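Trainee: Could we take a close look at a single part of this model together? I'd like to begin with one pair of residues and then see where it sits in the whole.

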Amino acid sequence: MPRKNNQIRIISGKFGGRLIDTPKTDKTHPMGDRERSAIFNRLRDEIVDKVVLDAFAGSGAIGIEALSIGAAEVDFLENNRKAAQTIHENIAKFKLEDKGKIVRKLRDEYDFIFADPPYDNPQYDYVEEIVKHLKHGGILVLSHPETPAPYEFRGLSLFSDKSYAAAHIKMYQKI
């Protein structure tokens with residue numbers, strides 16, 4: 001099936017190779033295949049049966065990727081209405097309504113938090129608030145632009161820092 005301009009593919013797991021829609025808005029930026037592949041190749045076994053937050057979810061690709069490889073549940077946090085509607089449609093496409101939902105209120109604890117804020121407004125102070133919902137030993141995966149570099153998050157230990165063209169992916173563990 002050929003890919004349209006507003007689609008990206010799920011990289012791995014049971015939905016690997018299938019396409020999802022991206023929001024028709026310039027307010028979101030989908031994470032590239034290369035970056036998602038690197039993240040999930042590294043974390044694949046650790047995500048199985050875990051509770052995940054896909055913050056600044058956009059299309060929901062990160063959360064759907066997590067569900068595709070076996071996450072127990074994913075909450076999608078997205079404020080843009082067009083993007084939230086796209087996530088809802090993508091969740092329905094894969095019949096994941098029982099495992100994935102768009103949320104406004106966060107759970108007390110997540111095993112994984114993926115944060116991919118808009119590069120023109122990285123909102124690190126908001127990411128700091130979200131991180132309060134990460135359980136002890138949990139992992140934050142942050143995608144950010146080169147500048148401004150994120151400050152050091154309290155209570156987190158950086159264990160991976162990789163660059164992929166314009167994207168920088170940092171992984172932290174809550175200590």
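Which residue in E9 stands opposite Asp161?

Mentor: Happy to, and please keep in mind that this is a predicted model. The residue facing Asp161 is Lys170 in E9. Asp161 belongs to strand E8, which covers residues 156–164, while strand E9 covers residues 167–174. Eight bridges join E8 to E9, and the two strands run antiparallel. Strands of a sheet pair through backbone hydrogen bonds, either parallel or antiparallel. E8 and E9 form a hairpin with two residues between them. In that turn, Ala165 has a positive phi of about 55°, so do look at it in your viewer.

Now let's step back to the sheet. The hairpin strands end an open sheet of seven strands, whose order is E5-E4-E3-E6-E7-E9-E8 with mixed pairing. E8 is an edge strand, as is E5 (100–102), and each of them pairs on one side only. From one strand to the next, the twist averages 15°.

For a contrast with the antiparallel hairpin, try E6 (residues 110–115) and E7 (residues 134–144): these strands run parallel and are joined by five bridges. Here Phe112 stands opposite Ile139 in E7.

Next, the helices that lie across the sheet. Helix H2 (residues 61–68) lies across strand E3 (51–55), strand E4 (73–77), E5 and E6, and runs at about 180° to E4. Helix H3 (residues 81–93) lies across E4 and E5, running at about 160° to E5.

There is also a cavity to look at. The structure holds one cavity of 30 Å³ or more, and the largest cavity has a volume of about 30 Å³. Its lining is made up of Met31, Ile39, Ile62, Phe114, Ala115, Asp116 and Val141. By class, that lining divides into six nonpolar residues, no polar ones and one charged.

Finally, the chain as a whole. It has four helices and nine strands, and along the sequence they follow the pattern β-β-α-β-α-β-α-β-β-α-β-β-β. The radius of gyration is 15 Å, close to the 16 Å that the globule rule gives for 175 residues, so the chain is as compact as a globular protein of that length. Along its principal axes, the C-alpha trace spans about 45 × 30 × 30 Å.

So, back to your pair: Asp161 stands opposite Lys170 in E9, within a hairpin whose strand E8 is an edge strand of the sheet.

Definitions and conventions. Residues numbered from 1 in each chain as written. Predicted model: local features only at pLDDT ≥ 70, side-chain atom pairs only at ≥ 80, totals over all residues. Heavy atoms only, no water. 1 Å grid on protein atoms, 1.4 Å probe; cavity = no way out; pocket = protein on both sides within 12 Å on 5 of 7 lines; lining within 4 Å. Points joined across faces, edges and corners; volume = space filled by probe spheres on them. Nonpolar A, V, L, I, M, F, W, Y, C, P; charged D, E, K, R; others polar. Pairing = 2+ DSSP bridges. Axes fitted to C-alpha atoms, helices over the stretch in contact; angles between N-to-C directions. Contact = heavy atoms within 4.5 Å. Rg over C-alpha atoms; globule rule 2.2 N^0.38 Å.
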